[in-house]
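Student: I am new to this structure and should like to understand the terms used to describe it. May we begin with what is meant by a buried residue?

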Amino acid sequence: MSTLRPAQTTEKTAVDTLFTKIINREIPAKIIYEDDQVLAFHDIAPQAPVHFLVIPKKAVRTLNDLTEDDKALAGHILFTAQRLALELGCEKGFRVVMNCNEEGGQTVYHIHMHVLGQRQMHWPPG
Ligand code: 5GP
């Protein structure tokens, strides 16, 4: 069994993205939930009847940039996704997705968890 090695990070300094602007209310978003660590808002181009994003307020570029210190934050993002999915009527099921880097389909370099629901999902995804 191998041990978990640190991921190769992208850039040392996180760069502000449009998600920072959403956190700071500099651009509008349909916000669903906020606390001191995370923000959740509806995706601007929904791929399902329910499609929202959960983001940390801390600007982390990619999943590879998460550190040991971010473990509780990562868990909080997942827990928030579950709670909100159920609140938004996805009790029959839903999907969570985190795209990492270009080949993973990431377009906004501030980590975010997609939550999609209220339609049948298929596998494998595109
Ligand atoms: P990614 O491709 O990085 O995994 O996902 C980025 C997501 O952010 C996409 O689903 C895209 O529709 C969404 N998005 C991009 N710009 C905005 C915006 O200005 N507002 C909102 N609410 N969502 C956005």
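Tutor: Certainly. A residue is called buried when its relative accessible area is under 20%, and exposed when that area is over 50%. Please bear in mind that this is a predicted model.

Student: Why is Pro56 called buried?

Tutor: The relative accessible area of Pro56 is 0%. The limit is under 20%, and therefore Pro56 counts as buried. Pro56 has its place in strand S3.

Student: What does Pro56 touch, apart from residues up to four places away in sequence?

Tutor: Pro56 touches Ile23, Gln37, Val38, Leu73, Ile77, His110 and Ile111. A contact requires heavy atoms within 4.5 Å. In addition, Pro56 and Ala40 are 16 residues apart in sequence, with their C-alpha atoms 8.8 Å apart in space.

Student: Ile77 appears among those contacts. What does Ile77 itself contact, leaving aside neighbours within four places in sequence?

Tutor: Ile77 is in contact with Val38, Val54, Pro56, Ile111 and Met113.

Student: What makes a group of residues a nonpolar core?

Tutor: The members must be buried residues of certain nonpolar kinds, joined through side-chain atoms within 4.5 Å. The largest such core here has 15 residues, and Phe52, Val54, Ile77 and Val115 touch the most other members. Strand S2 (38–42), strand S3 (50–56), helix H2 (71–87) and strand S5 (113–117) each supply at least two residues of this core. The largest share, five residues, is that of H2. A second, separate core has eight residues, including Ile22, Leu39, Leu53 and Ile55.

Student: Is there a general tendency behind such groups, and what is it?

Tutor: In soluble globular proteins, nonpolar side chains tend to be buried together.

Student: How do you know that His114 is buried, and how do you know that His51 is?

Tutor: The relative accessibility of His114 is 13%, and the relative accessible area of His51 is 5%. The limit is under 20%, so His114 counts as buried, and so does His51. His114 lies in strand S5, and His51 is found in strand S3.

Student: Why is the pair of side chains of His51 and His114 called a polar contact?

Tutor: The side chains of His51 and His114 are joined at 2.9 Å. A polar contact calls for a pair of N or O atoms within 3.5 Å, with one able to donate a hydrogen and the other to accept it; the pair is therefore listed as a polar contact. The side chain of His51 also has a polar atom 3.0 Å from the backbone nitrogen of Gln47.

Student: What makes a residue part of the surroundings of the ligand?

Tutor: One of its heavy atoms must lie within 4 Å of the ligand. There are 16 residues around the ligand, and Asp43, Asn99, Thr107, His112 and His114 come nearest. These surroundings divide into eight nonpolar, seven polar and one charged residue. Helix H1 (18–23) and S2 each supply at least two residues of the shell, and the largest share, three residues, comes from H1.

Student: Which atoms lie at a polar distance from the ligand, and how much of the ligand is covered?

Tutor: A polar side-chain atom of Asn99 lies 2.7 Å from an oxygen atom of the ligand. A backbone N or O atom of Val108 lies 3.0 Å from an oxygen atom of the ligand, and one of Ile44 lies 3.3 Å from a nitrogen atom of the ligand. The protein covers 83% of the 520 Å² of accessible area that the ligand has on its own.

Terms used. Residues are numbered from 1 along each chain as its sequence is written. This is a predicted model: local features need pLDDT of at least 70, side-chain atom pairs count only at pLDDT 80 or more; totals for chains, interfaces and linings use all residues. Side-chain values use heavy atoms; hydrogens and water are left out. Buried means under 20% relative accessible area, exposed over 50%, partly exposed in between (1.4 Å probe, protein chains only). Helices (H or I, at least four residues) and strands (E, at least two) are DSSP runs, numbered from the N terminus. Accessible areas come from the Shrake-Rupley method with a 1.4 Å probe; for residues, only the protein chains shown count as cover. Ala, Val, Leu, Ile, Met, Phe, Trp, Tyr, Cys and Pro count as nonpolar, Asp, Glu, Lys and Arg as charged, and the others, Gly among them, as polar.
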